[in-house]
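Here is a set of short exercises for getting to know a new structure. Have a look at the model first, then try each task before you read its solution.

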Amino acid sequence: MKHALAGLLTILITPSAFATMYTCSFTEPFQQVTYDTQTHELGLTRPSEEYVTWPSTHTTSGNFLTAKSINGEVKLRIQLNKNGSDGMSDHIYQYEGIWNGQVGGCDSNQTPRPE
C-alpha cells in the first residue's frame with residue numbers, strides 16, 4: 001500500500017506528467033501564440049519578426065486556462081470546451097483562444113477534454 005501511494009503521489013506532483021503546449025493561430029494580424037504549461041513561457045511569432053518569449057504564469061478555472069505575464073496582465077485565455085477557428089482556414093481547432101482581444105483557434109499536444 002505504501003508503494004502504491006508513493007507512486008501515485010510522485011505522478012501527481014511531477015509537472016512533466018501534465019505539461020501541455022498550446023499553439024494558437026490568429027489572423028488580421030497574422031500571428032501565432034504558444035504557451036507551455038511546464039516552462040510557463042508565452043511565445044509570439046509574427047510574419048517578418050523574430051520569435052519572442054517571456055515568462056508567465058497560468059491558472060485554470062472551469063473550462064478556461066488563463067496565461068498571464070509576470071506582472072499579472074492577462075495575455076492568453078483558452079476556452080477548453082469550445083472549438084476554435086482562425087477565421088480564414090477550414091481547420092477546426094481543439095479550442096478557442098483570445099489574445100489581446102483577438103479570437104483565434106488553438107490546438108494542444110493533449111487530447112481535448114470531453115464536453
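## Warm-up: contacts along the chain

Among the contacts in the protein chain with a separation of 6 or more, 27% are between residues 24 or more positions apart. Keep in mind as you work that this is a predicted model.

## Exercise 1: The elements and the overall fold

Task: Find how many helices and strands the protein chain has, and work out which strands make up the closed barrel.

Solution:
- Step 1. Start by counting: the protein chain has 1 helix and 8 strands.
- Step 2. Next, put them in order. Starting from the N terminus, the elements read α-β-β-β-β-β-β-β-β.
- Step 3. Now follow the pairing. A closed barrel of 8 strands runs β1-β2-β3-β4-β5-β6-β7-β8, and its pairing is antiparallel. From one strand to the next, the twist averages 30°.
- Step 4. Finish with the surface. The protein chain has 115 residues, of which 34% count as buried. About 7,300 Å² is exposed, with carbon and sulfur atoms supplying 56% of that area.

## Exercise 2: Walking from β4 to β7

Task: For the pairs β4 with β5, β5 with β6, and β6 with β7, find how many bridges join the strands.

Solution:
- Step 1. Strand β4 (residues 52-61) and β5 run antiparallel and are joined by 6 bridges. Two places to look are serine 61, whose bridge partner in β5 is phenylalanine 64, and histidine 58, which stands opposite alanine 67 in β5.
- Step 2. Look at the turn of this hairpin: 2 residues lie between β4 and β5, and glycine 62 in the turn has a positive phi of about 60°.
- Step 3. Move on to β5 and β6, an antiparallel pair with 5 bridges. Here lysine 68 stands opposite valine 74 in β6, while alanine 67 has leucine 76 as its bridge partner in β6. Alanine 67 therefore faces histidine 58 on one side and leucine 76 on the other, and a neat reminder fits here: side chains in a regular strand alternate between the two faces of the sheet.
- Step 4. The hairpin of β5 and β6 has 4 residues between the strands, and glycine 72 takes a positive phi near 95° there.
- Step 5. Last come β6 and β7, which pair in the antiparallel sense over 4 bridges. Glutamine 79 has glutamate 96 in β7 as its bridge partner.

## Exercise 3: Salt bridges

Task: Find how many salt bridges the whole structure holds, and say which residues form them.

Solution:
- Step 1. A search of the whole structure gives 2 salt bridges.
- Step 2. One of them joins the side chains of glutamate 73 and lysine 75, at 3.7 Å from N to O. Glutamate 73 is partly exposed at 40% relative accessibility, whereas lysine 75 has 18% and counts as buried, because the cut-off for buried is under 20%.
- Step 3. Another joins lysine 82 to glutamate 96, with the closest N and O atoms 3.5 Å apart. Lysine 82 sits in the loop between β6 (74-79) and β7 (95-99), and glutamate 96 sits in strand β7, so this pair ties together parts that are 14 residues apart in sequence.
- Step 4. Check the accessibility here too: lysine 82, at 37%, is partly exposed, while glutamate 96, at 15%, is buried.

## Exercise 4: A closer look at serine 69

Task: Is serine 69 buried or exposed, and which residues does serine 69 touch?

Solution:
- Step 1. Locate serine 69 in strand β5 (residues 64-69).
- Step 2. Read its relative accessible area, 9%, which makes serine 69 buried.
- Step 3. List the neighbours. Leaving aside residues up to four places away in sequence, serine 69 touches Trp54, Pro55, Ser56 and Lys75.

## Exercise 5: The largest nonpolar core

Task: Which residues of the largest nonpolar core touch the most other members?

Solution:
- Step 1. This core has 15 residues, and those touching the most other members are Cys24, Val33, Leu42, Leu76, Ile78 and Trp99.
- Step 2. Now ask where the core comes from. Two or more residues are given by each of β1 (21-26), β2 (31-36), β3 (41-45), β5, β6 and β7. The largest share, 3 residues, belongs to β1.
- Step 3. Zoom in on valine 33. Apart from residues up to four places away in sequence, valine 33 touches Tyr22, Thr23, Cys24, Phe26, Leu42, Gly43, Leu44, Leu76 and Trp99.

Note on methods:
Residues are numbered from 1 along each chain as its sequence is written. This is a predicted model: local features need pLDDT of at least 70, side-chain atom pairs count only at pLDDT 80 or more; totals for chains, interfaces and linings use all residues. Side-chain values use heavy atoms; hydrogens and water are left out. Buried means under 20% relative accessible area, exposed over 50%, partly exposed in between (1.4 Å probe, protein chains only). Contact means heavy atoms within 4.5 Å. Accessible areas come from the Shrake-Rupley method with a 1.4 Å probe; for residues, only the protein chains shown count as cover. A salt bridge is a side-chain nitrogen of Lys or Arg within 4 Å of a carboxyl oxygen of Asp or Glu. A nonpolar core is a set of buried Ala, Val, Leu, Ile, Met, Phe, Trp, Tyr and Cys residues joined through side-chain atoms within 4.5 Å. Two strands pair if DSSP finds at least two bridges between them. Axes are lines fitted to C-alpha atoms, for helices over the stretch in contact, and angles run from 0 to 180 degrees between N-to-C directions.
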